[in-house]
Amino acid sequence: MATEKPELRSVPIGTGATGTRLERDSMGPVEVPAEHYWGAQTQRSLIHFSIGDDRMPTAVARAYGYVKKAAALLNAEDGRIDRTLAAAIAAAADEVISGELDTEFPLYVWQTGSGTHTNMNVNEVIANRACQLLGGELGTKTPVHPNDHVNMGQSSNDGFPTAMHIATLQAVRDRTLPQLDALADAVRDKAEQWVEVVKIGRTHLQDATPLTVGQEWSGWEAQLRGARQRLDRSLEAVCDLAAGGTAVGTGINAPDRFGERIAAALAELTGLPLATAPNKFAAQASLDGMVAVSAGLRGAAVALMKIAGDIRWLASGPRAGLHELKLPANEPGSSIMPGKVNPTQQEAMTMVCLQVIGEDSIVASAGSLGDFELNTMRPVVIDNVLHSARILADACRQFRLHSVEGIELDTGRVADYVGRSLMLVTALSPHIGYDRASAIAHKADAEGTTLREAAIELGVDAAEFDRIADPAAMVGHPRRDLGLEP
């Protein structure tokens, strides 16, 4: 890939202008704010699609910077564009990638379903900035034209999904997965710390046979690791790029094998495992890859919601709840009840998970609406996927730092529950029979006595009871379960 950089002017970012300037597109003149780099089509979108406060994520524009840079360098390499123009486009694209031009991408999510408005927003900003770097006048499209040069060999229909995939890979790989890993590690630390602390199990929200605190936490860790692995595998679906398909997948107006070459160039520029989609018609008519990643995010949310719920219940109290766990007291829990501490991190995590699950349903529905050669639900899909990836990552970080790492065990309460449990009778069942063991449990419950007292009254030898109904003997092999010994 060509990397030669002809001499460009050193021009600080900014137009230095106020008021408005006149820009033109195929439909005529439009006044745009003179202090910005965008052009007529961006301004039209701002006027016609001012819907809510939801803006296209800047991550999409930054990812688009890679697409425009790669295309310009390839076009220059093949002689379709002057190298000086390509160098200016690449330089402007680098500023987009770095975030230096983030304020130039103001468009709403609610726009054309192909993402054409965002594509042209990027084209116009890069073209005007490139013109500035080459000594040209903003708005003249000379010497760099947004369509003829910045968009050469591309269409919104293949460029926008390519930018979507790059932005998604970067968000999940660099943000979500590392935070899931860190949370799983923190949960693992607690599992090892409490690997041999026996507690009562619960099924159907009722008392069950014992396990250790470490075994319970190891289950949460395994859920997180599994969700993380499935999310990671889902990223394979967005490594294939639509670039090169142009309007409908045939590659019209793009050079032969442009798809393969731009995918290779993008892989080099981003460090991502990118490749050209083997079938551009599917790549442009569907959103299946994004649906897969969204499902992976939903899977992580489901696991996190279960774990947050368990911890919330186990920390309930302190006097009238389970209170096996003691949560960090991060902030006052009530404006009226002094001394109250609430499971706020668990509640925040649950709300985040609900949001992710809801956003996944939007993505799935949008994925089903690919009519003929183009799915036109792309903006809402990328907005929801990037939002899910971001809030899941942030919630995992906060949940770890401000809850999991500071959780303590109420060992007295844990031991008391084990000592009073009726389900220890399960261990007696193979020795005295299910019906007799059941009678002991019912007697102890009805009379408010201990299981041991009821068993002895019903004829079980005290020494035999103590030998068989030993909670520590009922938990299997906790250290082995955690892989701490063979």
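**Packing of helices H3 and H4 and the salt bridges of the chain**

In the predicted model, the axes of helix H3 (residues 83-98) and helix H4 (residues 116-133) come within 8 Å and cross at roughly 120°. Angles from 65 to 115 degrees count as roughly perpendicular and those over 145 as roughly antiparallel, and the two helices are therefore oblique to each other. The crossing in which H3 passes H4 is right-handed. On the side of H3, the contact is made by Ala88, Ile89, Ala91, Ala92, Ala93, Glu95 and Val96, while H4 contributes Ile126, Arg129, Ala130 and Leu133. By residue class, this contact of H3 with H4 comprises 9 nonpolar and 2 charged residues, with no polar residue among them.

Across the whole structure, a search finds 32 salt bridges. One of them joins Asp102 to Arg62, with the closest N and O atoms 2.4 Å apart. This pair connects distant parts of the chain, since Asp102 lies in the loop between H3 and H4 and Arg62 in helix H2 (residues 58-77), at a separation of 40 residues. The two partners fall into separate accessibility classes: Asp102 has a relative accessibility of 18% and therefore counts as buried, the limit being under 20%, whereas Arg62, at 31%, counts as partly exposed.

Arg261 takes part in salt bridges with Glu77 and with Asp78. The side chains of Arg261 and Glu77 meet at an N to O distance of 2.9 Å, and this salt bridge links distant parts of the chain, with Arg261 in helix H8 (residues 258-270) and Glu77 in helix H2, 184 residues apart. Between the side chains of Asp78 and Arg261, the corresponding N to O distance is 2.4 Å; here too distant parts of the chain are linked, as Asp78 belongs to the loop between H2 and H3 and is 183 residues from Arg261 in helix H8. With regard to accessibility, Arg261 counts as partly exposed at 26% relative accessibility, Glu77 is likewise partly exposed at 33%, and Asp78, with a relative accessible area of 35%, is also partly exposed.

Elsewhere in the model, salt bridges are found as a network, in which Asp185, Arg188, Glu192, Glu221 and Arg225 are linked.

Technical notes:
Residues are numbered from 1 along each chain as its sequence is written. This is a predicted model: local features need pLDDT of at least 70, side-chain atom pairs count only at pLDDT 80 or more; totals for chains, interfaces and linings use all residues. Side-chain values use heavy atoms; hydrogens and water are left out. Axes are lines fitted to C-alpha atoms, for helices over the stretch in contact, and angles run from 0 to 180 degrees between N-to-C directions. Helices (H or I, at least four residues) and strands (E, at least two) are DSSP runs, numbered from the N terminus. Angles under 35 degrees count as roughly parallel, over 145 as roughly antiparallel, 65 to 115 as roughly perpendicular and the rest as oblique. A crossing is left-handed if the near helix is turned anticlockwise from the far one by less than a right angle, and right-handed if clockwise. Contact means heavy atoms within 4.5 Å. Ala, Val, Leu, Ile, Met, Phe, Trp, Tyr, Cys and Pro count as nonpolar, Asp, Glu, Lys and Arg as charged, and the others, Gly among them, as polar. A salt bridge is a side-chain nitrogen of Lys or Arg within 4 Å of a carboxyl oxygen of Asp or Glu. Buried means under 20% relative accessible area, exposed over 50%, partly exposed in between (1.4 Å probe, protein chains only).
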